[in-house]
Amino acid sequence: MVNDYKLGTKCLHLNQEGENAHLFGAVSFPIYQTATFAHRGVGESTGYDYTRLQNPTREHLEKVVASLEKGVDAIAFSSGMAAISAVMELFQPGDHLIIDEDLYGGSVRLFQKINEKNGIRFTRVDLSSEDITPYIIEETKAVFVETPTNPMMNVIDLEALGKITKRNKLLLIVDNTFLSPYFQNPLELGADIVIHSGTKFLNGHHDAIAGFAVTADEVIAEKIRFVLKTTGACLSPFDSWLVLRGIRTLAIRMERAQENAFCIAGWLSEKEEVTRVIYPGLVSHPGYEIMKKQCRGFGAMITFEVASAEFAKFILENVRLIQFAESLGGTESLITYPITQTHADVPEEVLLKNGITDKVLRLSIGIEAAEDLVKDLERAFALYKER
């Protein structure tokens, strides 16, 4: 019955499904904080043996995330990078992947320092503007993208890309962290695997680290679960419960944060000290029409560029309400300096090609009063002028 409800209602009431929750009428799904489970006898299992393999709390979270992403299974990991690492175990030495040029620095580091060492090859392509067809070779097995990208907010037409990958029998892997399943469902647009850093919007409170790989293919799901079982990078029961708790407010947080993002993006656009504002909800954004077509919203991430590195650093050191910190997607607004934080390990030539310089800042907009966020930025801007 819950599947007939609107998405915002599902975020709340999917949490209440399952016999474990209803056993005692628990409104909040229980935390099964145990490492192992007792057996009634030889060959008799409750369905749970060892928490590395499965746990009722984590299993329930996985069902919730799979439902929100329209998948058959969601596998919960100890971090978003653990999820990506597990997905990369689907490939063999000699395999080739096409990846977008503008990706989270942690993904770039994994591909370059770990996967390349293990014999997997990569080709970087601007998938927001280029056709991947000329880059497909016999060894190509998959395409890996984010949309919008981190941090330059490029938008990729997933439906168009999915048609190409299906035609060429390639896997399409989409990191959907920036929009969450509330605003975008890549599996419905042609993706085979969806990645989430559950640390971000799904959890939403900056108090748990988690990751997910979601798929609509049972064979792929079984392979990823085998990797989880073997490597042990599973999400703990307590962190599973924290993410379940966070998902309850996903809808209202995403709506409020997006409302604030429109306000901040508009304010930044009017400041002469700001040389560029990149937010896919602005009509001026080249991916605006694609976002309208494939998403239910534009998200809460803004990247902007100022006139000098000196000014960028001044903003970072003088905002008070907006906190200078890595990560994103929580109730509190954060400002990040990609060149020294999220993308510190990305090769310089890639940074320059993507426009990631020491003048670029990234905002994750939270759910504070928009007027207070504007005042915080206004204060920092005014202090710089008064020096």
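Reader: Is I209 buried or exposed, or something in between?

Author: Buried means under 20% relative accessible area, exposed over 50%, and partly exposed in between, with a 1.4 Å probe and protein chains only. I209 comes out partly exposed, because its relative accessible area is 48%. Bear in mind that this is a predicted model, where local features need pLDDT of at least 70, side-chain atom pairs count only at pLDDT 80 or more, and totals for chains, interfaces and linings use all residues. Residues are numbered from 1 along each chain as its sequence is written, and side-chain values use heavy atoms, leaving out hydrogens and water.

Reader: What does I209 touch?

Author: Contact means heavy atoms within 4.5 Å. Not counting residues up to four places away in sequence, I209 touches S78, S79, T199, L235 and D239. I209 and D239 sit 30 residues apart in sequence, with 7.2 Å from C-alpha to C-alpha.

Reader: And T149, buried or exposed?

Author: T149 is buried, because its relative accessible area is 0%. Leaving aside residues up to four places away in sequence, T149 touches D100, D102, N154, I156 and F178.

Reader: Which backbone atom lies 2.9 Å from a polar atom of the T149 side chain?

Author: For a polar contact, look for a pair of N or O atoms within 3.5 Å; within protein, one must be able to donate a hydrogen and the other to accept it, and residues adjacent in sequence count only if both atoms are side-chain atoms. Here the backbone nitrogen of N154 is the partner, 2.9 Å from a polar atom of the T149 side chain.
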